[in-house]
Amino acid sequence: METKDLYGVLGLKRDASKDEIRAAYRKLARKHHPDANPDDPASEVKFKEIQNAYETLSNPEKKRQYDAGPTSYFGQGSPTGGQGGTGGFSEFSDLFGGFGGLGDVFGRQQAQSPQKIRGEDVTVSVNLKFRDALEGVTTRVRATVEDQCMDCGGSGAAPGTTMRSCPDCGGRGTYTRDQGFFALSESCRKCGGEGVYIERPCSSCSGSGRVSRARQVTVRIPAGARDGMKVRVPGRGSAGRKGGPNGDLYVVTHVEEHPLFVRRGDDFVVEVPVSFVEATLGAGIEVPKPGGGRVKLKLPAGTEDGRQFKVRGEGSPSARKGGVRGDLIVRVRVVVPKKVTKREREILEALADERDEDVRQALFEGATDR
Ligand SMILES: [Zn+2]
Ligand SMILES: [Zn+2]
C-alpha cells in the first residue's frame, strides 16, 4: 500500500505551523486545480493528493493521529485520481475507521457507508462559425458549476474544526421509535440522516462543501458538428459530494447558417445557376465546396430546372464516430436571360421555327382526359 508523506505533498517540513499548512495548500491547490490545467490528468491526481493532505493536516485531531503513526493511518489514503470524486467524505470515513476512540463513534456511520452523490450535469451552449463546425475546433466555454470548496476541502466544516458524530441520533442517522407491533425508523433531522454533523460550518460554503463558480472549460468540437448537437465533457460538471464522481458538462452547439450551403443530415445542398444554353446542350461546370475550393460537375444535355446531382463525399464530415462523410447535393437553377440583343432574338426566333414544337400538347391532353 502506498504511503505518501502528507507534509511532503504540500512541500512542507514536519514542524510546519497551521498557517504554513494553509498557505501551502492554497498555493498548490490553485496551481494544480483542474481548471488551471485542462486536459492534464496528472494535474488532477496531484490536486487530489493535495486536498487529501490538507484535509488531514488542517484538522487538529486527524493531524495528531497522523503525526503519531502515519503508516497505520494510511490504509486507504492514496488518492484515487481519474474522473472520480474530488475527495471528501469517503476518504473521511475511511480515515476515521482506522483508529481508536473516534473509530468507535464513527464505526456505525462507516457501517452504513455514506451515499456517494454524483455531481449534477451542467449544460451550456456555444456559438460556432459555419467553418469551425465543419472543420472542428477547440474552444473554451464558460460554465457555472458547483465546485468543491477550497477552504474546507469539501467537508463543509470550518477549517480547523471537525465533523462530529451527531449528538441527537448518536451517529446512526436514524431514530427508531417503538410503535407497538413494529419499530418505525425515521431519518434524523439534525444531521439529515448523515450521522455526522458539522459543528461550525465553513463560512465560504455555508457547510455545503461546494461553492458556485464560473469556470472556463476547453471543449473539442468534432468536425461536422451540427446545430443543436450535444458534446459531452466528462467530469467537468458540478463536483460530486461525499466522494461521489463529478457530473458531466454538456456543450450544445449553435451553428451559424451559411447563406448558400444548407445542411441536410451530413449532406449539403447548394443551388447552382446554369444558363439555359448549358442546360440544353450540357456542359462541364464547376461548383463551390462548403469548406472552400471547387469541384467539377458534368451537366448532361437536357438538364431541367431543379434537377439534383450528387457529388459524393463533398458534404460534411460526420461528427459521429465511424460515420461516413456526407455528399454535396447540387440543385440546378436554369437562368433565363432577362434581356436579349437584337441578334440573339433573331437566333432564338430561328430556333423556334426550326423546332416547331408544342410543349403544352401533353398538358391539354391530360386536362381533358377525365
Ligand atoms: Zn467550505
Ligand atoms: Zn443525527
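1. Let us start with strand E12 (residues 283-288), which has two faces: Ala283, Ile285 and Val287 are on the covered one, while Gly284, Glu286 and Pro288 are on the uncovered one. A word on the names: helices (H or I, at least four residues) and strands (E, at least two) are DSSP runs, numbered from the N terminus. Please keep in mind that this is a predicted model, in which local features need pLDDT of at least 70 and side-chain atom pairs count only at pLDDT 80 or more, while totals for chains, interfaces and linings use all residues. Residues are numbered from 1 along each chain as its sequence is written, chains are lettered from A and ligands numbered from 1 in the order in which they are written, and side-chain values use heavy atoms, with hydrogens and water left out.

2. Which strand pairs with E12? Strand E13 (residues 294-299) does, in the antiparallel sense, over six bridges; two strands pair if DSSP finds at least two bridges between them. One place to look is Val287, whose bridge partner in E13 is Val295. Five residues separate the two strands of this hairpin, and Gly292 in the turn has a positive phi of about 105 degrees.

3. Now turn to the zinc ion (ligand 1). Cys149, Cys152, Cys202 and Cys205 coordinate this ion through their SG atoms, at 2.3 to 2.4 Å. Donors here are N, O and S atoms within 2.8 Å of the metal (3.2 Å for Na, K and Ca), and sites may look incomplete because water is not among the atoms. The site is tetrahedral, with angles of 105 to 115 degrees among the four donor atoms; four donors count as tetrahedral if all angles lie between 85 and 135 degrees. Along the sequence, the donor residues are spaced C-x2-C-x49-C-x2-C. Cys152 lies in the loop between strand E2 (137-148) and E3, and Cys202 in the loop between E6 and E7, so this pair ties together parts that are 50 residues apart in sequence.

4. Are those two cysteines buried or exposed? Cys152 counts as buried at 8% relative accessibility, and Cys202 counts as buried at 1%. Buried means under 20% relative accessible area, exposed over 50%, and partly exposed in between (1.4 Å probe, protein chains only).

5. The zinc ion (ligand 2) is coordinated by the SG atoms of Cys166, Cys169, Cys188 and Cys191, at 2.3 Å. Why is this arrangement tetrahedral? The four donor atoms subtend angles of 102 to 115 degrees, which makes it so. The spacing of the donors along the chain is C-x2-C-x18-C-x2-C. Cys166, in the loop between strand E3 (163-165) and strand E4 (174-179), and Cys191, in the loop between strand E5 (182-187) and strand E6 (196-198), link distant parts of the chain, 25 residues apart. Cys166 and Cys191 are both buried.

6. Next, the aromatic rings. How many aromatic pairs does a search of the whole structure find? The search finds four. The ring centres of Phe261 and Phe268 are 6.3 Å apart and their planes are at 70 degrees, so this pair is edge-to-face. For reference, rings of Phe, Tyr and Trp (its six-membered ring) pair if their centres lie within 6.5 Å; planes under 30 degrees apart count as stacked, over 60 as edge-to-face and the rest as tilted. Phe261 and Phe268 are both buried, and ring pairs join them with Phe130 in a cluster.

7. Glu271 belongs to strand E11 (residues 267-275) and is partly exposed, with a relative accessible area of 45%. Glu271 is 10 residues from Phe261 in sequence, and their C-alpha atoms are 8.1 Å apart in space.

8. Two helices are worth checking with a ruler. Helix H3 (residues 41-57) has 17 residues that should span 24 Å at 1.5 Å a residue, and its end C-alpha atoms are 25 Å apart, which agrees. The expected span of a helix is 1.5 Å times one less than its number of residues. H3 is mostly covered, with 13 of its 17 residues buried. Helix H10 (residues 342-355) has 14 residues and reaches 20 Å from its first C-alpha to its last, close to the 20 Å expected. After H10 comes Asp356, with a positive phi near 45 degrees.

9. Finally, look at Ser206, in the loop between E6 and strand E7 (210-221). Ser206 is not a glycine, yet its phi is positive, about 55 degrees. At 64% relative accessibility, Ser206 counts as exposed.

Definitions and conventions. Four donors count as tetrahedral if all angles lie between 85 and 135 degrees; four count as square planar and six as octahedral if opposite donors are over 155 degrees apart and all others between 65 and 115; anything else is irregular.
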